[in-house]
Amino acid sequence: MLSTDIRSHFPILHQEINGHPLVYLDSGATSQKPTQVIEAIKNYYELENSNVHRGVHTLGNRATDSYEGAREKVRKFINATSTKEVIFTRGTTTSLNTVARSYGLANVKEGDEIVITYMEHHSNIIPWQQLAKETGATLKYIDLEADGTLSLENVRATITDKTKIVSVVYVSNVLGTMNPIKEITQIAHEHGAIMVVDGAQASPHIKLDVQALDCDFLAFSGHKMCGPTGIGVLYGKQALLEKMEPIEFGGEMIDFVGLYESTWKELPWKFEGGTPIIAGAIGLGAAIDFLEEIGLDEIEKHEHELAAYAMDKMSAIEGLTIYGPTDPSKRAGIITFNLNDVHPHDLATVLDMNGIAVRAGHHCAQPLMKWLQVSATARASFYLYNTKEDIDSLIAGLRTAKEYFNDVY
Ligand SMILES: Cc1ncc(COP(=O)(O)O)c(C=O)c1O
């Protein structure tokens, strides 16, 4: 287990909610932010605030150095070959939409196939639905095994020579399933398709290596990995990005503007129209420093241990159904569950009365809810600052809720 000292870096955790110490189990929605990230943003606004890439003055140069320095940190974090392959966006959603609107509209035509899975977040469904509608392509879903994992047999059975794009979540935000991205990428490439990875729930927890995965695009968000909201990343292979058109046009992304024709800056800036998210990128850079100091392997191990501990204790609660892989080594620190017929919103409300923050609802994954044959679930998601004591509190809260609802439901 990671040391509980880590908690001292997160000021928000040291408060009471409804008279109880806060137990934050909703990091899958957004993570808390360490002092290092808060200070980096404060430092930027107090000492460097200026627009980037255009200043001849000292502040402008400082801001540009910090912004581009953050890009280099991201490059190293995901092991991209060049910072040309690292585009700052607003988050995973924007990154995936950029691939669909730019690569997709230029390369997908009627009769082609786009392949995703039943466990995707809406952000990795709707851009492809729209692309399929606009181009006449077919959107296909890879079916899941009963335990919420993907089998390579099903992957092979779904991807064909007509497939142009395969887009799969690395870690499911509902089931916690960790998907075999490297193997799926290989199958996609054998059929001449490109591989897009939704890394929103992977980047906070797993050491990413885009060269080892060989994926063509990877999308993730800063706010789920200790960084601020409003910043995310689109990684793309340089050869693909070079051929793609921007989807946003305006200042910052241009080289020359004439009355009727304009040309674009080189990579990665041609995809960053308008004043960039400077403070956000700097905050993300500080988050990467923080996570790397602790070590992604250590973080992943910590979460597996918490997940195993929680699943063991939760399975002992009669009437509690856990969705997703039963083997904790096959899942990240995300546990989705229902308690008898109690509506997850009611359950989450009672837990909140006890200071415990969990998520309830469809988790932006309505097709997966349909697949699970439920309308909603509750979800506890763990991060590096959670402890076994947090899980004990969750278990106690669930037992209290169970007693409370025995009379109601
Ligand atoms: C798996 C997955 N994909 C995509 C997203 C969308 O991320 P964002 O809202 O930061 O764009 C989320 C957010 O919860 C997610 O969990």
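## The seven-stranded sheet

Seven strands, in the order E4-E10-E9-E8-E7-E5-E6, make up an open sheet with mixed pairing. Strand E4 (86–89) and strand E6 (138–142) occupy the edges; each has a single partner strand, so one side of each is left without a neighbour in the sheet. From one strand to the next, the twist averages 20°. The model described here is a predicted one.

At one end of the strand order, E4 and strand E10 (residues 232–236) are paired in the antiparallel sense over four bridges. Within this pairing, Phe-88 has Val-233 in E10 as its bridge partner.

## Helices on the seven-stranded sheet

Helix H2 (residues 58–78) lies across E4, strand E9 (217–221) and E10, and runs at about 115° to E4. Helix H3 (residues 92–107) also packs on the sheet, where it touches E4, strand E7 (163–169), strand E8 (194–198), E9 and E10. The direction of H3 makes about 155° with that of E9.

## The four-stranded sheet

A further open sheet consists of four strands in the order E13-E14-E17-E16, and its pairing is antiparallel. Its edge strands are strand E13 (320–323) and strand E16 (359–361), each of which pairs on one side only. On average, and with direction ignored, neighbouring strands of this sheet are turned by 30° against each other.

Strand E14 (residues 334–339) and strand E17 (residues 377–381) form an antiparallel pair over four bridges. Here Ile-334 is placed opposite Ser-381 in E17. Helix H10 (residues 296–315) lies across E13 and E14, and its course is at about 10° to E14.

## Two domains and their interface

The chain is divided into domain 1, comprising 4–25 + 296–408, and domain 2, comprising 38–292. Taken over C-alpha atoms, the centres of domain 1 and domain 2 are separated by 29 Å. The contact between them draws on 31 residues from domain 1 and 34 residues from domain 2.

The size of an interface is often given as the accessible area lost when the parts come together. For domain 1 and domain 2, the buried area is about 2600 Å², with carbon and sulfur atoms giving 66% of it. Zero salt bridges are found across the interface of domain 1 and domain 2, whereas 12 residue pairs are in polar contact there, both residues having pLDDT 80 or more. On the side of domain 1 that touches domain 2, the elements giving two or more residues are H10, E14 and helix H12 (366–372).

## Salt bridges

The count of salt bridges in the model comes to 16. One of the pairs is Asp-26 with Arg-379, whose closest N and O atoms are 3.6 Å apart. This salt bridge links distant parts of the chain, the two residues being 353 residues apart. Asp-26 belongs to the loop between strand E3 (23–24) and helix H1 (35–48), while Arg-379 is in strand E17.

## Backbone features in loops

Leu-267 and Pro-268 are joined by a cis peptide bond, with omega at about 0°. Pro-268 is located in the loop between strand E12 (262–264) and helix H9 (278–294).

A second backbone feature concerns Cys-226, which is not a glycine but has a positive phi of about 75°. Cys-226 lies in the loop between E9 and E10, two strands that follow E4 in the order of the seven-stranded sheet.

Notes:
Residues are numbered from 1 along each chain as its sequence is written. This is a predicted model: local features need pLDDT of at least 70, side-chain atom pairs count only at pLDDT 80 or more; totals for chains, interfaces and linings use all residues. Side-chain values use heavy atoms; hydrogens and water are left out. Two strands pair if DSSP finds at least two bridges between them. Axes are lines fitted to C-alpha atoms, for helices over the stretch in contact, and angles run from 0 to 180 degrees between N-to-C directions. Contact means heavy atoms within 4.5 Å. Domain bounds come from an automatic or database domain assignment. Buried area is the accessible area (1.4 Å probe) that two parts lose on being put together, summed over both. A salt bridge is a side-chain nitrogen of Lys or Arg within 4 Å of a carboxyl oxygen of Asp or Glu. A polar contact is a pair of N or O atoms within 3.5 Å; within protein, one must be able to donate a hydrogen and the other to accept it, and residues adjacent in sequence count only if both atoms are side-chain atoms.
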